[in-house]
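This briefing covers selected features of one protein chain, grouped by topic. The sequence and structure are shown first.

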Amino acid sequence: MNTFFIFLSTYHLLRLGLGFNIFTVTPERHTDLVVKQPQRNNSVDTYNHFSDVMNEFEMLGNWSNLCNISQTGRTDFNIMCIIKRNSSIKLSEFRDFTYRVSSNIRFDISVTCKDGIIYFPWPFRADKLHRIYIKDCRIKDYNTEFKNSLIDQIPDTIKYLQMDNVTTILRMEEVYDSLSKVNSPITRAAECGPENAIVIIRRGTKTTFEDMQNNGLFNFSTALTNDEHYFDIQKRTCLYDNLEVFEISGMNVDRQVVDKIVQVDVAENLKVLNFSGNGMSDTLYKLQGWRLRFPVMEYIDLSDNNIRDLPMIRDFGMTVKETKSVGIIDLRRNKITSLTKGMIDSFSTHRYLKVDISENPFLCDCGIIEVMEYLYSKTMPKAYDYLGSIECANPSNVCGRKLKSLSLTDLNCNNETVFLSVNLFQKYDQGKFIFYTK
């Protein structure tokens with residue numbers, strides 16, 4: 001039974017791009033849900049000056065006790081919080097505060113926890129909140145506003161969002177209520193997060209349950225079926241017009257998360273896409289039209305995953321007008337073992353793209369001679385100079401050796417020399433292939 005609910009919650013969280021690392025159960029219980037916010041389209045210009053803002057902040061209880069506020073610009077304020085054991089802050093209180101200050105003021109929040117808890121419902125919507133950084137925190141009430149339509153009416157002002165090593169603590173009732181049901185879909189805010197953001201980063205997010213023993217109180221099987229159905233028919237496309245960096249890394253991410261950002265959502269200004277360290281195996285196939293979807297993309301990080309096969313990755317070159325820079329697709333530290341002539345041949349056509357496959361566990365047997373010959377005879381783009389320095393992982397006698405240092409004897413291919421071209425023989429000196437930069 002526990003396995004079923006772990007899968008259920010994993011599916012729901014990952015589908016929204018929230019990610020997870022490991023599920024555990026905690027005995028903690030907290031029933032103080034965040035109060036739903038009323039509709040607020042306009043701020044009341046009551047507090048406009050520095051002293052007014054500072055004085056109002058002093059009335060925020062735990063916020064004023066655990067956080068320091070400073071003015072960083074004429075209308076910009078920075079709030080830095082350290083939440084220690086047995087301490088907590090609530091986003092609902094911060095919302096009440098921002099509602100009372102002038103409409104031209106904006107706030108940056110940095111929250112670091114030292115065994116503390118914060119009550120922050122996703123997607124952390126609060127008027128005038130410009131930047132939010134959360135590190136090492138346990139978050140409660142994370143799912144409680146998934147269906148609160150009033151949240152969509154709070155101005156989406158977040159430009160920079162980053163979460164590092166965050167653990168969301170959920171209750172079974174909270175998860176059940178957050179699933180889409182008949183005439184009760186999740187909100188756009190919950191599904192898309194901050195659509196006006198320039199940077200969205202989530203690293204090492206984990207999820208735990210504090211009341212797994214209550215899983216029998218809810219009909220999750222039916223709720224999950226309805227959730228899948230209504231999510232499919234909503235077909236909501238998130239519009240990230242300003243987004244330049246999107247990262248979900250250091251966790252296990254469901255393929256639907258990848259599909260959504262690379263195939264459904266619109267993010268034409270995206271420059272960095274990072275799915276590193278997520279245990280993914282087939283992501284690369286979803287990015288065959290990468291330049292068409294992301295015309296100004298500079299860096300796609302798929303390092304430290306489980307990718308084994310490398311499809312042909314097109315350059316697209318100047319077929320996309322906006323293309324001006326060389327794009328990099330980082331595939332280091334995956335599970336790629338084969339280095340083939342076909343792979344290298346596809347690289348030779350790249351002018352506005354570099355695919356980095358170094359630090360993979362390559363097999364260097366006599367089958368790699370064809371690659372070595374090709375590297376000598378073909379003029380490769382300078383971006384691929386690194387190929388000759390690729391290190392072998394197997395067999396054991398060449399482990400750690402660079403490709404360009406190998407000899408026919410090392411590869412146990414003495415009987416294969418008849419297949420080498422005359423040109424390659426001319427560059428074979430004292431048992432080693434000599435690679436020259438052309």
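Arginine 85 is exposed in this predicted model, with a relative accessible area of 57%. Its side chain meets that of aspartate 115 in a salt bridge, at 3.0 Å from N to O. A search of the whole structure finds 24 salt bridges, and the same kind of search finds four disulfides.

**Salt bridges**

- The bridge between arginine 85 and aspartate 115 links distant parts of the chain, 30 residues apart: arginine 85 lies in the loop between S3 and strand S4 (88-90), and aspartate 115 in the loop between S5 and strand S6 (117-119).
- Aspartate 115 is partly exposed, its relative accessible area being 33%.
- Aspartate 115 also forms a salt bridge with arginine 138, and the closest N and O atoms of that pair are 3.4 Å apart.
- That second pair again links distant parts of the chain, since arginine 138 belongs to strand S8 and aspartate 115 to the loop between S5 and S6, 23 residues apart.
- Arginine 138 is partly exposed, with a relative accessible area of 21%.
- A salt bridge also joins aspartate 164 and arginine 203, with 4.0 Å between the closest N and O atoms.
- Aspartate 164 is in strand S9 (residues 160-164) and arginine 203 in strand S11 (residues 199-203), so distant parts of the chain, 39 residues apart, are linked by this pair.
- Aspartate 164 counts as buried at 13% relative accessibility, whereas arginine 203 is partly exposed at 33%.
- A network of salt bridges links Asp304, Asp330, Arg332, Arg333 and Glu359.

**Disulfides**

- When the bonded cysteines of the chain are numbered in sequence order, the pairing reads 1-2, 3-4, 5-6, 7-8.
- Cysteine 67 and cysteine 81 form a disulfide in which the sulfur atoms are 2.1 Å apart. The link is right-handed, with 105 degrees about the S-S bond.
- Cysteine 67 lies in strand S2 (residues 67-71) and cysteine 81 in strand S3 (residues 76-84), so this pair ties together parts that are 14 residues apart in sequence. Both cysteine 67 and cysteine 81 are buried.
- Cysteine 113 is joined to cysteine 137 by a disulfide with an S to S distance of 2.0 Å. This link is right-handed as well, with 90 degrees about the S-S bond.
- Cysteine 113 is in strand S5 (residues 106-114), while cysteine 137 is in the loop between strand S7 (129-135) and strand S8 (138-140); the pair therefore ties together parts that are 24 residues apart in sequence.
- Cysteine 113 counts as buried at 5% relative accessibility, and cysteine 137 is buried with a relative accessible area of 1%.
- Cysteine 364 and cysteine 392 are joined by a disulfide, S to S 2.0 Å. With -90 degrees about the S-S bond, the link is left-handed.
- Cysteine 364 lies in the loop between strand S18 (362-363) and helix H11 (369-377) and cysteine 392 in strand S19 (residues 392-394), so parts that are 28 residues apart in sequence are tied together.
- Cysteine 364 is buried at 1% relative accessibility, and cysteine 392 is buried at 4%.
- Cysteine 399 takes part in no disulfide, and the nearest cysteine sulfur, which belongs to cysteine 392, is 8.6 Å away.

**Sheet and packed helices**

- Eleven strands form an open sheet with mixed pairing, in the order S2-S3-S5-S7-S9-S11-S13-S14-S15-S16-S17.
- The edge strands are S2 and strand S17 (353-356), each of which pairs on one side only.
- On average, and with direction ignored, neighbouring strands of this sheet are turned by 10 degrees against each other.
- S3 and S5 pair in the parallel sense over nine bridges. Cysteine 81 stands opposite valine 111 in S5.
- Helix H2 (residues 50-57) lies across S2, S3 and S5 and runs at about 175 degrees to S2.
- Helix H4 (residues 91-99) packs on the sheet and touches S3, S5 and S7, its direction making about 160 degrees with that of S5.

**Buried side of helix H8**

- In helix H8 (residues 255-264), the residues Val257, Val258, Lys260, Ile261 and Val262 are buried.
- These residues cover an arc of only 165 degrees around the axis, which puts them on the same side of H8.

Methods: Residues are numbered from 1 along each chain as its sequence is written. This is a predicted model: local features need pLDDT of at least 70, side-chain atom pairs count only at pLDDT 80 or more; totals for chains, interfaces and linings use all residues. Side-chain values use heavy atoms; hydrogens and water are left out. Buried means under 20% relative accessible area, exposed over 50%, partly exposed in between (1.4 Å probe, protein chains only). Helices (H or I, at least four residues) and strands (E, at least two) are DSSP runs, numbered from the N terminus. The arc is that of the directions from the helix axis to the C-beta atoms. A disulfide is a pair of cysteine sulfur atoms within 2.5 Å. Two strands pair if DSSP finds at least two bridges between them. Axes are lines fitted to C-alpha atoms, for helices over the stretch in contact, and angles run from 0 to 180 degrees between N-to-C directions. Contact means heavy atoms within 4.5 Å.
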